[in-house]
Each structure stands twice: as C-alpha cells, then as structure tokens.
Amino acid sequence: LFRQRARVQSQINGYAKGLVRNLGNYTIGEGFAYEVVSKETLPDADLDAPGHQSPAWLEQEIARAQDVVDRFLEKNRWNGQSDMESTGAVGDTREQEMVRRLIRDGECFLRMFRLDDGTIAVRWVEPEQVQNPPGGSWSDGWSFGIRHQIQPHEDVETVLEYHVRYQSPEGQPKDADTIVGELVPAGDIVHVKAPGTDSTVKRGFPELSYDVYDSLERASRLQRNASAGAAVRAATAE
C-alpha cells in the first residue's frame, strides 16, 4: 500500500518528481567510471630503467579484464560512461534507476542471469514478486520472501535464498497455495535497501511515506491554490 502510494505520488506530484530526479542527478550524475587495476605488487620488469616497470603481460591482462567490464556495462545499460547500442527504448541508466527505486520503493532487487555466450545479464525483480513460497515458515528462516540462516545458529543477515514469484499474464492468483515462483540463490540477487534501513530488517520502506508524503501533498495543494488565486486576481477588473 505504501509503495503504491509513493509510486503514484512520484509521477503526479511535481515536487515529488523533482525531488526524486534531483537526488538521482546529485548522487549519480553522468554515471560512475569503472577501471580495472592490478592489486598485486610485482617485481620490476626492468631493473636498469628508472621507476617501476610493470611486465608487458600485466598490461594485456588488465586490458582484457577492462573489456569484460566494459561489455557488462554496455550490455546492461549500467552507466552513462558506456557507449550503449540499445535496440530498445532509450531510458535512464541502471544506476539512475536504482536511486529512483530506492527512494520510491524503499528497496530494489537485481538478479543476475548467466547467458550461454559467457556474458551476464542483470534484470530487475519487482518488490511485489518477492514473497514467501507456499509452506514457507519462520522456523525455516522464511519471512517477506527471503530465507536467512537458521542452522547452526540463526543469523538474519546471512541470506540463503529468495522466492521470486513469476509475473503471470492471468494476474495474481487469489489462492496463496497457487503461487508459482522460483527459489533463487542469494548469490544471484543483489538486494539494496534504502539508506537508514537496519541490516537486520529484511525489507526496505518507501521514503515518500507518512510526513514526507503529506508534506509533498500540502506543497502541491499550496502551489495550486496560490497560482489559482493569482490568476483570479489578475483577471479581475479593478
């Protein structure tokens, strides 16, 4: 309910839309740059030359690794630094969209798919899709669609897997026992929660809620009433 309210407000309230957009621009801007560097201190390749000379093969390996990173960024529309050759509609980068989702939804899920050509595709999982599987109980570590470690000791911060419900074209079934989904290992999903969310809290909460929601609504009504009043005064013949 709170997530749906925040989504509607972020689309129809000018102040909310500007707030979300400006936070994304301030945080991400044109996007981050990702550069591969060597973390190893290797012997000097040429003891007679001044300074440290890296081996020739090291530069080649760094360049190969950088190509892998660049292909990943381009394939997944990750940042504004990559030269995207998208065949679909042009939209925000995944970095910018992540900030928008965090503010609007309070959390976001990124799932990794390993493709046959050796590359990795990253796609969003909507928060509504993450739900407990049929029969999932707290005694097994399940809550809010996430299973944490129970044995040998309970650790909420150690996530084992997620239950991702499929998006059915027929709509969501009313009977909870008919939920059709998939158990996804925690290593294939990155779950990012809104800033300020405790690590032991499994799900995030929308930022545009309670007082923030009400304040943005009051600001919108105040602007509308003030502009309408000014228009009436300007049209009144003295």
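This note comments, point by point, on a predicted model of a single chain.

1. Overall composition. The secondary structure of the chain consists of five helices and seven strands. Along the sequence these elements follow the pattern α-α-α-α-β-β-β-β-β-β-β-α. Of the 238 residues in the chain, 31% are buried. The accessible surface amounts to about 15600 Å², and carbon and sulfur atoms account for 54% of that area. When contacts between residues at least 6 apart in sequence are considered, 54% of them join residues at least 24 apart.

2. The two sides of helix α1. Ala 6, Arg 7, Gln 9 and Ser 10 are the residues to inspect here, as each of them is buried in α1. They lie on the same side of the helix, because the arc they cover around the axis is only 170 degrees. Gln 11 and Ile 12, on the other side of α1, are exposed. As general background, an α-helix has 3.6 residues a turn, so residues three or four places apart point the same way.

3. Partners of the buried side. Which helices do the buried residues of α1 pack against? They pack against α2, α4 and α5, the last of these spanning residues 210-235. A contact with α5 can be followed at the level of single residues through Tyr 213, which lies in that helix.

4. Tyr 213. This residue has a relative accessible area of 15% and is therefore buried, the cut-off being under 20%. Tyr 213 and Ala 6 are 207 residues apart in sequence, yet their C-alpha atoms are 7.5 Å apart in space. Apart from neighbours within four places in sequence, Tyr 213 is in contact with Arg 5, Gln 9 and Leu 208. Of these partners, Gln 9 is also one of the buried residues of α1.

5. The largest pocket. The largest pocket in the model has a volume of about 280 Å³. Its lining consists of Ser 10, Gln 11, Lys 17, Val 20, Arg 21, Gly 24, Asn 25, Asp 92, Gln 96, Val 99, Arg 100 and Arg 104. Two or more lining residues come from each of α1 (2-12), α2 (14-27) and α4 (94-105). The largest share, five residues, is given by α2. By class, the lining of this pocket has two nonpolar, five polar and five charged residues. Two residues of α1 appear both here and in point 2: Ser 10, which is buried, and Gln 11, which is exposed.

6. Gly 80. This glycine is located in the loop between α3 (56-75) and α4. Gly 80 is partly exposed, at a relative accessible area of 43%. Gly 80 and Glu 30 are separated by 50 residues in sequence, while the C-alpha to C-alpha distance between them is 5.3 Å. Leaving out residues up to four places away in sequence, Gly 80 touches Glu 30, Gly 31 and Thr 93.

7. Gln 129. Is this loop residue buried or exposed? Gln 129 is buried, with a relative accessibility of 13%. The loop that holds Gln 129 runs between β2 (120-125) and β3 (142-143). Beyond its neighbours within four places in sequence, Gln 129 contacts His 163, Val 164, Arg 165, Tyr 166 and Gln 167.

8. Backbone features to check. Most residues other than glycine have a negative phi, and most peptide bonds are trans. Three places in the model deserve a look in this light.

   - Phe 144 has a positive phi of about 55 degrees although it is not a glycine. Phe 144 lies in the loop between β3 and β4, and Phe 144 is exposed, with a relative accessible area of 58%.
   - Tyr 210 is not a glycine either, and its phi is positive, near 55 degrees. Tyr 210 belongs to helix α5 and is exposed, with a relative accessible area of 53%.
   - The peptide bond from Gln 151 to Pro 152 is cis, with omega near 0 degrees. Pro 152 is placed in the loop between β4 (146-149) and β5 (155-165).

9. Two tyrosines of α5. Tyr 210 and Tyr 213 are both found in this helix. Tyr 210 is exposed, whereas Tyr 213 is buried.

Methods: Residues numbered from 1 in each chain as written. Predicted model: local features only at pLDDT ≥ 70, side-chain atom pairs only at ≥ 80, totals over all residues. Heavy atoms only, no water. 1 Å grid on protein atoms, 1.4 Å probe; cavity = no way out; pocket = protein on both sides within 12 Å on 5 of 7 lines; lining within 4 Å. Points joined across faces, edges and corners; volume = space filled by probe spheres on them. Helix = DSSP H or I, 4+ residues; strand = E, 2+ residues; numbered from the N terminus. Nonpolar A, V, L, I, M, F, W, Y, C, P; charged D, E, K, R; others polar. Buried < 20%, exposed > 50% of the residue type's maximum accessible area, 1.4 Å probe, protein only. Contact = heavy atoms within 4.5 Å. Areas by Shrake-Rupley, 256 points an atom, 1.4 Å probe, with all protein chains shown as cover. Arc of directions from axis to C-beta.
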